[in-house]
Every structure is written in C-alpha cells, then in structure tokens.
Amino acid sequence: MSVSTGHPAPSAVSTFDVHDPATGAVVGTYPVHDRHAVDAAVATAHRAAAWWRDLGFAGRARHLDAWRGEIASGRAELAEVIHREMGKPISDAKLEIAMALEHLRWAARNAEKVLGRRSVPSSLLTFNHAATVEYRPLGVVGVIGPWNYPVFTPLGSISFALAAGNAVVFKPSEYTPGVGLWLAQAFARTAPAEPVLQVITGLGDTGNALCRSEVGKIGFTGSTATGKLVMAACAENLTPVLMECGGKDALIVDADADLAAAADAAVWGGLSNAGQTCLAVERVYVHADVYDEFLTKLVAAAAEIEAGGEGSRIGPITMPKQLSIIRRHIEDAVARGARAVLGGPDTIDRQFVQPTILVDVPEDAAAVTEETFGPTLTVTRVRDMDEAVELVNRGAYGLGGTVFARRHGREIADRIRAGGTSINAFVAHATIPALPLGGVGASGFGRVHGPDGLREFTYAKATTRQRFPSPLPLTSFRRDHRADAIADLLVAILHGRKHQ
Ligand code: NAD
C-alpha cells in the first residue's frame, strides 16, 4: 500500500506490516519514512501552511466542514479500517468517529471567535495606547498518535491545529497507519490544492524524526514513557510539545449514589475497548455502606461481557506486548492477597483477556499504581469520601475520573487532582467539544478540545498602537522630576493602600 493523498508522497526505503490483532493476519504494508522523508514532508507542509493560513477562518471552516462531510459519509468504511487494524467492534468504531466529528465541527465554528483579533483594555499609565491580542498559527504542527482511538485521539489535535491555521504532518501509530491515511486522503479530496494534511508512517524512529524536524510544535498522544522521549528529542530545537499521556483513572461511589448507574458506568468505563482507553476506569473506590451491593451489581453486569467470539462487545488486546503487563498486574495482585471475583489470570487466552474484577488489592500493587490498559478493575472499600479522595489523588497520573454521588458529587469532584472529572457519567467531559481535555502529573500537560485546544496550536501576538503622546512620558529620558512625582503619587493611590 502506498501513502498517497493525491500529492507527491515522501519516499521510503523499507516497509512494515500491520496485523489484525484478533487473527494475526497481515492487513496492510506501509512505508517506513526515514528522517530524510520526514524532513521533505515538513518542508512541503510549510508551503501548504502559507496557503492554508491565508484562507482565513471562514475559508478554512469551509474546507473543514467538507472534510467532516467526507468522513461522515465514509464512516462505515473507516470503521472497518479501525476494526481491522486495532480490533474494536465496528459499532464502537462508529461511536468514536461520531465523537470526533463533533469536535471537528466545534473547532471549525469557533476558531475565529477564540483566536481572532480582539481589543483589550490598557491601564491608567498606558491609557494612550490601543491594545489588541490575536492567536496566530505556528506554521506546521507534527501530530504523533496512538492506536487505541485512532480517529478521535489524533483528530483532537489535528482538527484544532488545522482550524487554527496550521498545516499538519501526522504520524499515526504503527498499529493503525491505514486509519491515518484514510483521514488524510479524505482531507485531500476536499482540499486538493495543497497538501495541508500529510501522513508519514513508520515506527518510533519516524516519530523521533518528526520531533527533530522543522515543526512549530509536536502534539503527542501516547504513553508517558514515550512522551519523555518525545520531549527529549524536541528539546534539541526548543520545539514546544503538547503531552497527552497515560492515566490510571478512578471511579468513586458515594453512599447515596445510584448504584445501578454507577455499576453500568464502571463496566463500560473499565471494559469497553478491552480497557484500552487512556481515560478508562481502572480503579473503583466505594463507600463501605454500599460496597457489597455495588460489587454484586458490578460483577453481574461485567459477567455479561465476553472478549472474542461471535458478536462480542469487546475485542482483542491490540498490542501483543501489553498482554504480559496485564498478566503481571493480575498475578502480582493475587500473589499479594487480592481475589479475582471475576476473570483472573487463567482467563487470558491468546490475544483475548476476559473481564477481570479484583478486590482486596494492596494500594501499592502495580494493579493500582500503574496503567494496566486491559479489561480489569480493582474495587476497594473506603470508610468515607475523604479516604476515597486521598487514595485517588495518591497516584502519579491525573488524567480524568468519575464520581457517582447524589448530594456531594461536585464537592468530591472539586477535590480530585485531574484534568477533568465527570459526575454521574463516565467521561462526559471528554465528549463535550467546548471543554478542554488533558492531564496533570504523569498524564501530561497542555490541552486538546475547546478554546484551550485551539490556543494550544498558536502563539499569542500582542500589538499596541500609540493613539497620542502621553502627557506623562515615563519611558523616555525626557522624564523629569514632575513626571516622577506624579507617577509616584499614582502608585501610592493605586497600590499603596495596605490590603488585608
Ligand atoms: P506509544 O507511546 O507506544 O506510541 C504513541 C506514538 O508514539 C506512536 O505513534 C509511536 O510510533 C510513537 N513513538 C514511539 N516511540 C517514539 C519516539 N521515540 N519518538 C517519537 N514518537 C514515538 O503509545 P500507544 O501504545 O500507541 O498508545 C497507548 C498510550 O497512549 C496509553 O498510555 C494511553 O493512556 C495513551 N493515550 C493517552 C490519551 C490522552 O488523551 N491522554 C489518549 C489516548 C491514548
């Protein structure tokens, strides 16, 4: 398969295969783009960026709307590519596409309002100046994406970077290059004049080459370990980075929560996409008063879900190497006194992991502290919400989280150290286009989505225009004793009062 978007493709000397994770069959072969090919793609993108920038917000919005239509009408085909390359059920792939389209629409419609030029007030000492701020594109943005949500996640960066006026060079995960290529080809059909969105394919070295190329920023989504390598490579050129990294999110259940709804959210949040979700529920903390009742509901609901087999709701583990991590977390927890009340180490069969619920897991076990990225949940009894918050906040990650509570949901949510928290629903905050998405701590920094996600791919440009000479020339050697005295008096009036 060649990387063709209708524009000259970067040349490559070697290739890699993509395998269907459920069967191991080869489903595609793609070029490995080396440093030379990546630099060439970025150089081409700089030319396209000027054309794209000059279209202005309205011109770009027209193309982005057309791209949205193209993706929407091809969604069945795109969902098939997602399913084939990373294994999630077709209906989940379609849901992922639907969510991505919402964000794409929001970015196109709101870019001008968020980024366009606006006046800001000056101050008493600078009242003779008119001041404006605007947010300008960086030029070319490099986007490095993961495979677990191969449309929703990279489009979180790509849509907003494009709407802000940048050209994009996208390196999709080596597990889902066909998805990335499909998106770029759809874009090229609606904006054929210039290669505004290009795809380069390959493994980590190709991503590294993109980090070291002449891009204005790297939007990275992937594991925390790779994020550190990306930052190190970007440091060479002082290239700024957006870091959307891993997570170890928790769901909290208070004593007055709707337990059926909480169990439903925990099952979906923990098991959908076979648990391969950055925002997946991996830990559950439940008020002691409702622990037994909640656990019974949770296990009953999770027992209905099966990985693999005809019509199954969750697919295989996409990366073969992840299986040993999932197995280690479960086995280590059990060896340290935990019980698998559903699933367990024996239910891992080839690429499929059956839903696993662990109780009595020590808080310092890997199953609680490290990202598992499999269909597993630890469930822990807490004496009150203070203890729940303390345990949730103890970890290194801080991506998202969920709180189920009737009376104190907002208070509990406010105490969670994370980029976003959803109350009485799982990850609603990631699906609302006007809200920022991102993490703190080991989950990264910077934001996609919403106004912050647009500004992420710009630089702020401040401009002033002196409207008339100041009667009080402070920044000039013409400043005399009288000006000094007036300025001194103004400072005393404005700032000199003692504030409590
Ligand atoms: P990964 O870190 O293995 O790979 C991510 C991307 O980085 C891939 O395209 C890969 O080829 C590239 N890469 C690898 N080595 C590189 C290097 N040295 N320099 C530059 N690029 C390099 O992650 P993954 O397995 O694809 O994705 C799963 C991870 O992503 C999980 O940790 C998950 O939590 C995280 N994730 C985070 C979010 C979020 O929004 N915070 C969303 C989705 C996934």
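Colleague: Which atom of Gly145 lies 2.8 Å from an oxygen atom of the ligand?

Modeller: A backbone N or O atom of Gly145 does. Keep in mind that this is a predicted model.

Colleague: What makes that pair a polar contact?

Modeller: The cut-off is 3.5 Å between N or O atoms. The Gly145 pair, at 2.8 Å, falls within 3.5 Å, so it counts. A backbone N or O atom of Gly222, 3.3 Å from a ligand oxygen, passes too, since the limit is 3.5 Å. The side chain of Thr226 also joins in, with a polar atom 2.7 Å from an oxygen of the ligand.

Colleague: And how much of the ligand's accessible area does the protein cover?

Modeller: On its own the ligand has 850 Å², and the protein covers 91% of that.

Colleague: Which domains does the shell around the ligand draw on?

Modeller: Domain 1 (15-245 + 450-459) and domain 2 (250-434) each give at least three residues. By class, the shell has 13 nonpolar, 12 polar and four charged residues. Helix H7 (204-211), strand E8 (217-221) and helix H8 (224-235) each supply at least two residues.

Colleague: Which residues carry the "active site" annotation?

Modeller: Glu244 and Cys278, according to an unreviewed UniProt entry. They span 35 residues in sequence, but their C-alpha atoms are no more than 9.1 Å apart, so they gather at one spot.

Colleague: Why is Glu244 called buried?

Modeller: Its relative accessible area is 7%, and buried means under 20%, so the label fits. Glu244 sits in strand E9 (residues 241-244).

Notes: Residues numbered from 1 in each chain as written. Predicted model: local features only at pLDDT ≥ 70, side-chain atom pairs only at ≥ 80, totals over all residues. Heavy atoms only, no water. Polar contact = N/O pair within 3.5 Å; in protein donor to acceptor, adjacent residues only side chain to side chain. Areas by Shrake-Rupley, 256 points an atom, 1.4 Å probe, with all protein chains shown as cover. Helix = DSSP H or I, 4+ residues; strand = E, 2+ residues; numbered from the N terminus. Nonpolar A, V, L, I, M, F, W, Y, C, P; charged D, E, K, R; others polar. Domains from an automatic or database assignment. UniProt positions renumbered as here; feature names shortened; annotations may be inferred. Buried < 20%, exposed > 50% of the residue type's maximum accessible area, 1.4 Å probe, protein only.
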